[in-house]
Amino acid sequence: MNKTIFITGATSGFGKAIAEKFASENWNCIITGRRTEKLDSLASSLAAYKKIKVLPVVLDVRDKEAVFSMVKNLPSKWQNIDVLINNAGLAAGRDSFNEALIEDWETMIDTNIKGLLYVSKAVLPFMIKNKGGHIINIGSTAGKEVYKEGNVYCATKFSVNAISQAQRIDLLPHKIKVTCINPGAADTEFSLVRFKGDEQKAKAVYAGYEPLLASDVADIVYYCANLPKHVCINDLVVTCLAQANSFYNYKE
Ligand code: NDP
Ligand code: 8X3
């Protein structure tokens, strides 16, 4: 029988690549995100995998009521969720603490922390009922070292690390694995979103070195999700060869 994965933020970047990878390995996919046309287009392309089922659902993870009602009302055949990928997230702006916009801080906190909490809490009853499951949270190197002008984005990713540790402890009796994957710079829509559509600024982030690709992260997620039942990767940091940590990025 096919396994089922639930992915937040599947309309681009890591989430989309994770959906493509798992679909190609015959996993049924619940794909979510806010942009309907991107979600529909991914669902159409995944339809090429004839052995799987795909359920696209438009979902804003910040909307607490929508998250709980969507998960609660999943058709019964979609309730056996083996793996949840808490991936939806963003950086809004890169400004010094004194100049950053409060509304940017709130967007990041609402999405990266509160959204992850809502979706985890909504999906967990199914995993507990099934006596197992795997939550994979997408953290960041920004959750390992704070960098200049990263302030609240870094804080949200430190939170993802702390929440992952807490989930791992409290979910032990339920045999639920919790993995936090912390990538460094990866060429997705991340910087375009962070710099609010400024393509030049976004491109500059990835100039002079070979950054991670979304497919690199998807392969790692797939590896973590397919280990023997008794093995759990708790915490994983992955960067491209040119990056040592949040601060050191060797550009040529
Ligand atoms: P992208 O911008 O390419 O993808 C972000 C995804 O999150 C999109 O699918 C977007 O979908 C979704 N999303 C954003 N806000 C919401 C929301 N409120 N509700 C539902 N979905 C939402 O960036 P990445 O793929 O790079 O980012 C994915 C995750 O990886 C994020 O958590 C990011 O912080 C993290 N990360 C990224 C790194 C990088 O360098 N790229 C490195 C380390 C971590 P939509 O707009 O359709 O809602
Ligand atoms: C995204 C990577 O270095 O821009 O989490 O914070 S970084």
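Here is a short walk through the model, from the whole fold to its two ligands.

**Before you click**

This is a predicted model, where local features need pLDDT of at least 70, side-chain atom pairs count only at pLDDT 80 or more, and totals for chains, interfaces and linings use all residues. Residues are numbered from 1 along each chain as its sequence is written, chains are lettered from A and ligands numbered from 1 in the order in which they are written, and side-chain values use heavy atoms, with hydrogens and water left out.

**Whole protein**

Start with the cartoon: you should find eight helices and seven strands (DSSP runs, H or I of at least four residues for helices, E of at least two for strands, numbered from the N terminus). The radius of gyration is 17 Å, close to the 18 Å that the globule rule gives for 252 residues, so the protein is as compact as a globular protein of that length. That radius is taken over C-alpha atoms, and the rule is 2.2 Å times the number of residues to the power 0.38. Along its principal axes, the C-alpha trace spans about 50 × 40 × 35 Å.

**Ligand 1**

Now select ligand 1 and its surroundings (a residue is near if one of its heavy atoms lies within 4 Å). There are 30 residues around ligand 1, and Thr11, Ser12, Arg34, Tyr153 and Thr188 come nearest. Colour α1 (13-24), α5 (151-170) and α6 (190-194): each supplies at least two residues of this shell.

Next, show the polar contacts (pairs of N or O atoms within 3.5 Å). The side chain of Arg34 puts an N or O atom 2.6 Å from an oxygen of ligand 1, while an N or O atom in the Asp60 side chain is 2.9 Å from a ligand nitrogen. At Gly13, a polar backbone atom is 3.5 Å from a ligand oxygen. Taken alone, ligand 1 exposes 870 Å², and the protein buries 96% of that (Shrake-Rupley areas with a 1.4 Å probe).

**Ligand 2**

Move on to ligand 2. Which residues surround it? Select Ser140, Ala142, Tyr147, Tyr153, Phe190 and Arg194. Tyr153 is worth keeping on screen, as it is also among the residues that come nearest to ligand 1.

Three side chains reach oxygen atoms of this ligand. Ser140 has a polar side-chain atom at 2.5 Å, Tyr147 has a side-chain N or O atom at 2.6 Å, and Tyr153 has a polar side-chain atom at 2.6 Å. Alone, ligand 2 exposes 240 Å², of which the protein buries 83%.

Technical notes:
A polar contact is a pair of N or O atoms within 3.5 Å; within protein, one must be able to donate a hydrogen and the other to accept it, and residues adjacent in sequence count only if both atoms are side-chain atoms.
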